[in-house]
Amino acid sequence: MSYTDRQPTDRNLLAKDNFRAVFSNFPKMEYFIQSFEFPGVNVPPLKQPSYLKGVDVHGSLIEYDDLSVTFAINENFSNYREIYDWLVKTGTPQNLKQFEKPDNLENCTLMITSNNKNTTLKVRFDKIFPIALSSVTFDTISEHEIISATATFKFNSMTFDSKI
């Protein structure tokens with residue numbers, strides 16, 4: 001293999017704002033997404049016992065960090081309430097009619113786009129569900145600023161699809 005064979009074919013760097021996220025369970029939040037924190041991945045090592053000292057070996061279970069999305073809140077709070085209502089009905093409903101089993105876990109697709117805003121890669125997060133919703137601060141001191149909130153999600157698996 002020569003030196004020229006190892007050169008990258010795609011030298012375009014990814015920009016922070018080249019993305020779009022689609023949530024199947026939370027469509028009111030999609031338009032207002034300001035940031036999407038791509039989760040980290042790790043496989044913790046296992047300790048293999050030995051005579052003198054435990055030896056680290058490659059682990060067998062993959063672990064994903066939480067997925068966080070920051071979004072601007074619209075005036076009637078509908079995008080915030082969409083996530084809040086899901087948390088209430090699966091966590092602490094006020095009555096039995098409000099209760100819903102979290103069986104309908106859906107997915108989220110992150111579409112990464114080129115500098116020309118064409119989709120180049122889709123990342124699918126399966127069985128995604130919210131676990132936290134940040135607080136919201138109202139104040140009269142600051143200039144007219146957009147109020148935003150952060151929703152934190154857990155998911156079961158992540159797959160990459162570059163066949164666009």
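Two rings of Phe, Tyr or Trp are treated here as an aromatic pair if their centres lie within 6.5 Å, and a pair whose planes are over 60 degrees apart counts as edge-to-face, one under 30 degrees as stacked, and the rest as tilted. The structure shown above is a predicted model, and a search through the whole of it finds 12 aromatic pairs.

One of these pairs joins Phe-36 and Phe-125, whose rings are 6.0 Å apart from centre to centre, with 40° between their planes, so that the pair is tilted. Distant parts of the chain are linked in this way, since Phe-36 belongs to strand S2 and Phe-125 to strand S9, with their positions 89 residues apart in the sequence. Both partners are buried, Phe-36 with a relative accessibility of 13% and Phe-125 with a relative accessible area of 0%. Another pair brings together Phe-77 and Tyr-80, and because their planes stand at 65°, with the ring centres 5.3 Å apart, this pair is edge-to-face. Seen more widely, ring pairs link Phe-19, Phe-36, Phe-38, Tyr-64, Phe-125, Phe-155 and Phe-160 into a cluster.

Phe-125 also leads into the nonpolar interior. The largest nonpolar core holds 26 residues, and those that touch the most other members are Phe-23, Met-29, Phe-36, Leu-67, Phe-71, Phe-125 and Phe-153. Two or more residues of this core come from each of the strands S1 (19–23), S2 (33–37), S7, S8 (106–113), S9 and S10, and from helix H2, while the largest share, four residues, is given by S9. Once its neighbours within four places in sequence are set aside, Phe-125 is in contact with a list of residues that includes Phe-36, Phe-38, Leu-67, Leu-110, Phe-155 and Met-158, and also Glu-106 and Asn-107.

Helix H2 can be followed next. It runs over residues 78–91, and its 14 residues should span 20 Å at 1.5 Å a residue, which agrees with the 19 Å between its end C-alpha atoms. An α-helix has 3.6 residues a turn, so residues three or four places apart point the same way. The buried residues of H2 are Ser-78, Asn-79, Tyr-80, Glu-82, Ile-83, Trp-86 and Val-88, and among the elements that cover them are helix H1 (27–30) and the strands S7 (67–72), S9 (119–133) and S10 (148–154). Tyr-80 counts as buried because its relative accessibility is 15%, under the limit of 20%, whereas Arg-81, which is also found in H2, is partly exposed at 42%. The C-alpha atom of Arg-81 is separated by 19 Å from that of Ala-21, a residue 60 places away along the chain.

Two residues deserve a look for their backbone angles. Phe-77, in the loop between S7 and H2, has a positive phi of about 65° although it is not a glycine, and its relative accessible area of 24% makes it partly exposed. Lys-127, placed in strand S9, likewise is not a glycine and has a positive phi, near 55°; this residue is partly exposed, with a relative accessible area of 43%.

The last stop is Thr-159 in strand S11, which covers residues 157–161. Thr-159 is partly exposed, with a relative accessible area of 38%, and, apart from neighbours within four places in sequence, it is in contact with Lys-122, Val-123 and Arg-124. From Asp-17, which is 142 residues away in sequence, Thr-159 is 21 Å apart in space, taken from C-alpha to C-alpha.

How values were computed
Residues are numbered from 1 along each chain as its sequence is written. This is a predicted model: local features need pLDDT of at least 70, side-chain atom pairs count only at pLDDT 80 or more; totals for chains, interfaces and linings use all residues. Side-chain values use heavy atoms; hydrogens and water are left out. Buried means under 20% relative accessible area, exposed over 50%, partly exposed in between (1.4 Å probe, protein chains only). Contact means heavy atoms within 4.5 Å. The expected span of a helix is 1.5 Å times one less than its number of residues. A nonpolar core is a set of buried Ala, Val, Leu, Ile, Met, Phe, Trp, Tyr and Cys residues joined through side-chain atoms within 4.5 Å.
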